[in-house]
Amino acid sequence: MKYRLKIIDREDVDFRELKENGFGGVIFTDRFLTGENLKSAKKRRLKTFFHIRDLSSDTCFYLDSGGVYEENLYRVTLETVKTVKERLGDTLDMLDGLVVSIPYLKGLLWDEEFPLLYEDFCGRDIKEDLPAVFDKDTENPDFRVWYYSVAAQMLFFRYILPLSEYLETIGKKVCFDFGSMNRCIDLVKKQINPFLLQKHKISVIYETKDGIILVGGKEKYKQNLLVLPMRSIMLNFAYGANYSRQESPLVLALAEEEYYKSTLKRCKIEYSVVSEFEFSCMKQTELKKFENILVCDSCVFSDNNRIEMLKKSGHKINDKEILDILDRAN
C-alpha cells in the first residue's frame, strides 16, 4: 500500500479536488480538524489522519569522539498519545490513524547495555573499537555496522514499537513520520531502520519532491526487487567525518542508490526495496516471486557466494535485459 497524502490547511478543504488530483488521504492538524471536514474527506473515500506534534524531552546518553554525555531526546510519548485520545473523544472514531514524528536525536544514541551486548557478540571490550565510529581510516570498520544496527534496534523497540502496539489495541493505525529521510545515509544518521517497521507491519510517511508519501506496513506486490547498500553505507560512514566528492566506497554507494531509484522511477518500473541485511535472510521461495532482482554493486554481504548461488538457482539478478533498459533511460 502506497499513496500520496496532503496536509490540510485553509486552501485544501476541497476534498473532491484532492481526490481528483491523486491524493489517497489527508493529514489534519488541530486547526482544521472538524467534524465537517472529516465527513467531507470520508465522503470522497480519503484516508484520514491526525498529526500529533507534541514532543516531550527525555534525558538520554549520547556518544561522541570524546566519550559519553547526557542530553535530551525528543519524541511523542505514550502518555501524550493517551491524552490526545481523550481530547479527540468521538472524533477519533472518524480517523483512520495518527501520524507520529519519529524520535529526534541530537547525535549517536548510547546505552549502558552496549558494552555487554558487544562483549557477547564478539568477546571484545567495546572501548577498544569505539573510535571506529568516528575514524574513517580505522582498521575495524565492521564495528560501525554493529553499532548503527544495535542503536537502530534499541530506538525501535524502546520508543517506536510501544506506540504502535498501543494504537493497535484501540483499532487505530499509526504512521511514523520520517520527514525527508528517504536516503539510506539519512536513515543511518538518525539510527532509523525502516525494515524493522516493515517487518512489524508499521506504516511510515516521508517527504519527496512529489509530496508526502505513505508506505503501508505491507506493500503491494511488486515484480522487481531493489537491494540497496545500507550495510555498505554503515561500513563506510564514519559519523562526523568529512568526505570529499572524490570516488570512495561511501560516495559510490550513495551514487548507486540515487541512480537506481531515479532511473527506475523515470522508467516507471515499480519495485520493492530491501537492504543487504534483509536480502541475506530472504528464502528462495520469497525471492521467486520477483521477476527481476537488482543488486547495487556496492552492496556488501556476509556470504560472498550468495549472489552466484541464487543465479545458479535460476534467479534473475542484474539481468542484462533490465540493465539495458535503465542504461537507455540515461
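At what angle do the axes of helix H4 and helix H6 cross, and within what distance do they come? Here are my notes on that and a few other spots; keep in mind that this is a predicted model.

1. **H4 against H6.** Helix H4 covers residues 114-122 and helix H6 covers residues 142-169; their axes come within 12 Å and cross at roughly 130°. That angle makes H4 oblique to H6. As for handedness, the H4 and H6 crossing is right-handed.

2. **Who touches whom there.** From H4, the residues are Phe-114, Leu-117, Tyr-118 and Phe-121, and they meet Phe-143, Trp-146, Tyr-147, Val-150, Ala-151 and Met-154 of H6. Sorted by class, this H4 contact with H6 has ten nonpolar residues, no polar ones and no charged ones.

3. **H3 against H6.** Helix H6 also packs with helix H3 (residues 78-88), this time at an angle of about 25° and with the axes 10 Å apart. Angles under 35 degrees count as roughly parallel, so H3 is roughly parallel to H6. The crossing of H3 and H6 is right-handed.

4. **The H3 side chains.** H3 brings Leu-78, Val-81, Lys-82 and Lys-85 to meet Leu-163, Tyr-166 and Leu-167 of H6. Here the split is five nonpolar, no polar and two charged residues.

5. **H10 against H14.** Next pair: the axes of H10 and helix H14 (residues 320-329) come within 9 Å, crossing at roughly 85°. The two helices, H10 and H14, are therefore roughly perpendicular to each other. On the H10 side the contact uses Tyr-259, Tyr-260, Thr-263, Leu-264 and Arg-266, and on the H14 side Leu-323, Leu-326, Asp-327 and Ala-329. By class, that comes to six nonpolar residues, one polar and two charged in the contact of H10 with H14.

6. **The enclosed space.** How many cavities of 30 Å³ or more does a search of the whole structure find? One. The largest cavity holds about 50 Å³ of space. Its lining consists of Tyr-148, Ala-152, Leu-187, Val-188, Gln-191, Ile-192, Asn-193, Met-230 and Met-234. H6 turns up again here: H6, helix H7 (184-189) and helix H9 (230-236) each supply at least two residues of that lining. In terms of class, the cavity lining has seven nonpolar, two polar and no charged residues.

7. **The largest pocket.** If you're after an open space to look at, the largest pocket contains about 1500 Å³. It is lined by 46 residues, and those nearest its centre are Lys-2, Tyr-206, Thr-208, Lys-261 and Tyr-271. The lining residues of this pocket divide into 22 nonpolar, nine polar and 15 charged.

8. **What builds the pocket wall.** Which element gives the most to the lining of the largest pocket? That would be H10, with seven residues. Several helices and strands each supply at least two residues of this lining: strand E1 (2-7), H7, helix H8 (194-199), strand E9 (203-208), strand E10 (211-215), helix H10 (249-266) and strand E12 (272-275). Two of these helices have come up before: H7 also supplies at least two residues of the lining of the largest cavity, and the axis of H10 comes within 9 Å of that of H14.

Terms used:
Residues are numbered from 1 along each chain as its sequence is written. This is a predicted model: local features need pLDDT of at least 70, side-chain atom pairs count only at pLDDT 80 or more; totals for chains, interfaces and linings use all residues. Side-chain values use heavy atoms; hydrogens and water are left out. Axes are lines fitted to C-alpha atoms, for helices over the stretch in contact, and angles run from 0 to 180 degrees between N-to-C directions. Helices (H or I, at least four residues) and strands (E, at least two) are DSSP runs, numbered from the N terminus. Angles under 35 degrees count as roughly parallel, over 145 as roughly antiparallel, 65 to 115 as roughly perpendicular and the rest as oblique. A crossing is left-handed if the near helix is turned anticlockwise from the far one by less than a right angle, and right-handed if clockwise. Contact means heavy atoms within 4.5 Å. Ala, Val, Leu, Ile, Met, Phe, Trp, Tyr, Cys and Pro count as nonpolar, Asp, Glu, Lys and Arg as charged, and the others, Gly among them, as polar. On a 1 Å grid over the protein atoms alone, a cavity is a set of points where a 1.4 Å probe fits but cannot get out, and a pocket is an open set with protein on both sides within 12 Å along at least five of seven lines; lining residues have an atom within 4 Å of a point. Grid points are joined across faces, edges and corners, and a volume is the space filled by probe spheres set on the points.
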